[in-house]
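Me: I have a structure to go through, and I would like to ask about its strands and its charged pairs. Please give the reasoning along with each result.

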Amino acid sequence: MTSAKSARRPHHWRRDLIELAALFTAVAVADAIANLIGHQPDGPYLLMASAAALVATAAFHTWWARRHSHAPPPDETDAAPAGTGAAGGIATTASGAEGAGEGEAGDAGEAGTTLWRMRTTVLDAPGSLAALCTALAGLRVDILTLQTHPLAEGTVDEFLLRAPATLPAQELSRRIAAAGGTSTWIERADAHDLVDTPTRVLSLATRTALDAAELPLALRQLLGRCTIHSLPAVSVTGRSTGQSAPVEGVLEETVMRLRDPSGGVISVERPYLPFTPTEFARARALVELDARLGPRVPRSEDVLTLPEGNAITVRRADRADLAAARAMHDRCSQNTLGLRYHGPVADADRYLDHLLSPRFGRTLAVQTASGRLVALGHLLWDGDETEVALLVEDDWQRRGIGSELLRRLVALAEEAGCDSVYAVTQSRNTGMVAAMRALALPLDCQIEEGTLVITARLTSEEAAQPAVPTERARR
């Protein structure tokens with residue numbers, strides 16, 4: 001009741017005073033007219049007609065004032081008479097039902113909307129952002145998050161938007177351009193983008209801290225669609241590649257080069273959209289975190305039993321396993337090494353240091369109960385794509401080890417958000433072909449210069465896209 005009383009409208013004494021003055025004026029005018037025409041022959045009739053016109057005018061004024069009043073509506077709480085608890089309960093229930101209906105409509109609206117990530121550049125002037133927001137409001141677009149990236153000239157505004165599903169991206173871009181936005185970039189977003197930026201950056205930093213192999217993936221998720229290459233300082237043949245970058249890194253519009261803590265350079269390219277200084281600072285902070293923590297790989301192990309009863313252990317491997325991997329190479333036949341490396345096998349050992357580096361991907365090792373390494377599986381970051389490769393020692397082939405490694409590598413690729421994985425082998429490598437088919441995923445097969453490239457699509461959206469490019473770097 002206290003809130004209801006405080007909500008009563010104040011008394012408009014100025015309006016009452018004006019109406020009282022108008023009343024006195026009307027009485028004076030009526031008296032003058034009566035004295036003027038009252039003594040004429042038709043005076044009584046004229047007075048009656050004037051009275052009727054006055055009553056009609058008053059009635060019209062009252063109706064008009066009530067219909068078009070600008071005053072707020074009367075307080076429903078005060079207007080309801082005492083003792084109407086039942087009626088009040090019915091009103092409350094109806095209001096609750098109406099609210100539920102609005103919630104259902106809101107859910108339906110959610111289902112009929114699309115999430116977009118949009119970035120545009122505006123002038124660094126008052127009102128520029130307001131013009132964009134007004135244009136978005138005119139399209140019934142909700143702004144869920146907003147980030148600003150100051151530049152030397154202008155400001156880059158990055159939005160996460162919820163728009164009607166019927167609104168095409170071209171129309172959205174056209175309205176933004178009309179509102180002053182330039183260099184506009186729009187792409188579909190998903191529910192993962194609803195996480196606010198500080199939380200997302202902290203999550204990526206945590207993943208990087210736990211696993212050195214996560215750095216390229218964290219950079220890709222931080223910066224959006226981009227191509228990341230780890231360029232080693234020394235090639236697999238032992239020669240210097242000349243790849244280097246200053247400690248503070250280099251930013252050149254659509255390319256940033258960061259010094260790799262393990263040697264060489266991490267190159268990040270995004271041809272369609274220049275990087276901002278803010279993005280460059282965030283990427284450099286992740287790389288500095290990786291450098292301070294040093295080499296690290298999660299030490300999880302799974303013990304499995306083969307059909308014949310032998311126990312094997314599957315775990316992550318890194319450069320600490322280099323000696324054991326070389327010993328396994330020495331026990332492998334030339335045919336097995338040839339199927340794995342697709343070329344001269346004399347240089348196979350030189351690839352191991354590169355393959356076991358967590359900077360270039362993830363490696364799973366299989367070891368026996370005695371601790372001897374008998375198989376390696378590699379998941380290699382290849383720019384925008386991901387390669388899988390297997391090497392199983394001759395005496396341990398045809399026991400399901402390769403299939404188990406491949407299944408785990410594909411699971412790691414899905415966890416990393418990869419759209420597909422590809423394997424490069426030869427058509428006579430029936431074991432690798434059978435293992436890829438056993439994944440029960442959509443496969444694309446291509447023959448490239450006598451080499452078989454099998455691509456497994458991990459998402460249905462990517463299944464209809466073209467196969468992998470026609471050129472592969474030999475591992």
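Me: In what order do the four strands of the open sheet lie?

Reply: The model is a predicted one. Its open sheet has four strands with antiparallel pairing. The edges are β5 (227–231) and β6 (250–252), each of which pairs on one side only. Neighbouring strands are turned by 15° against each other on average, direction ignored. Read across, the order is β5-β8-β7-β6.

Me: Which residue of β7 stands opposite Val250?

Reply: β6 pairs with β7 (residues 255–259) in the antiparallel sense, over three bridges. Val250 falls within β6, which covers 250–252. The residue opposite Val250 in β7 is Arg257.

Me: At what angle to β7 does helix α10 run?

Reply: Helix α10 spans residues 277–293 and lies across both β6 and β7. Its angle to β7 is about 25°.

Me: How many salt bridges does a search of the whole structure find?

Reply: Side chains of opposite charge can pair when their charged atoms come close. Some of these salt bridges share partners, and one such network joins Arg117, Arg119, Glu158, Arg270 and Glu279. Over the whole structure, the number of salt bridges found is 15.

Me: How many residues apart in sequence are the parts that Arg362 and Glu214 tie together?

Reply: The two side chains meet in a salt bridge, at 2.1 Å from N to O. Arg362 and Glu214 are both buried. Arg362 belongs to strand β11 (residues 361–368), whereas Glu214 sits in the loop between α8 (197–210) and α9 (215–223), so the parts they tie together are apart in sequence by 148 residues.

Me: Is Glu393 buried or exposed?

Reply: Glu393 forms a salt bridge with Arg331, at 3.1 Å from N to O. Glu393 is in the loop between β13 (385–392) and α14 (401–415), and Arg331 is in helix α11 (residues 322–331), 62 residues apart. Arg331 has 30% relative accessibility and counts as partly exposed. Glu393 has a relative accessible area of 2%, so Glu393 is buried.

Me: Which strands does the salt bridge between Arg457 and Asp444 tie together?

Reply: The closest N and O atoms of Arg457 and Asp444 are 3.2 Å apart. Arg457 is buried at 7% relative accessibility, while Asp444 is partly exposed with a relative accessible area of 22%. The two parts are 13 residues apart in sequence. Asp444 lies in residues 443–448 and Arg457 in residues 451–457, so the strands are β15 and β16.

Methods:
Residues numbered from 1 in each chain as written. Predicted model: local features only at pLDDT ≥ 70, side-chain atom pairs only at ≥ 80, totals over all residues. Heavy atoms only, no water. Pairing = 2+ DSSP bridges. Axes fitted to C-alpha atoms, helices over the stretch in contact; angles between N-to-C directions. Contact = heavy atoms within 4.5 Å. Salt bridge = Lys/Arg side-chain N within 4 Å of Asp/Glu carboxyl O. Buried < 20%, exposed > 50% of the residue type's maximum accessible area, 1.4 Å probe, protein only.
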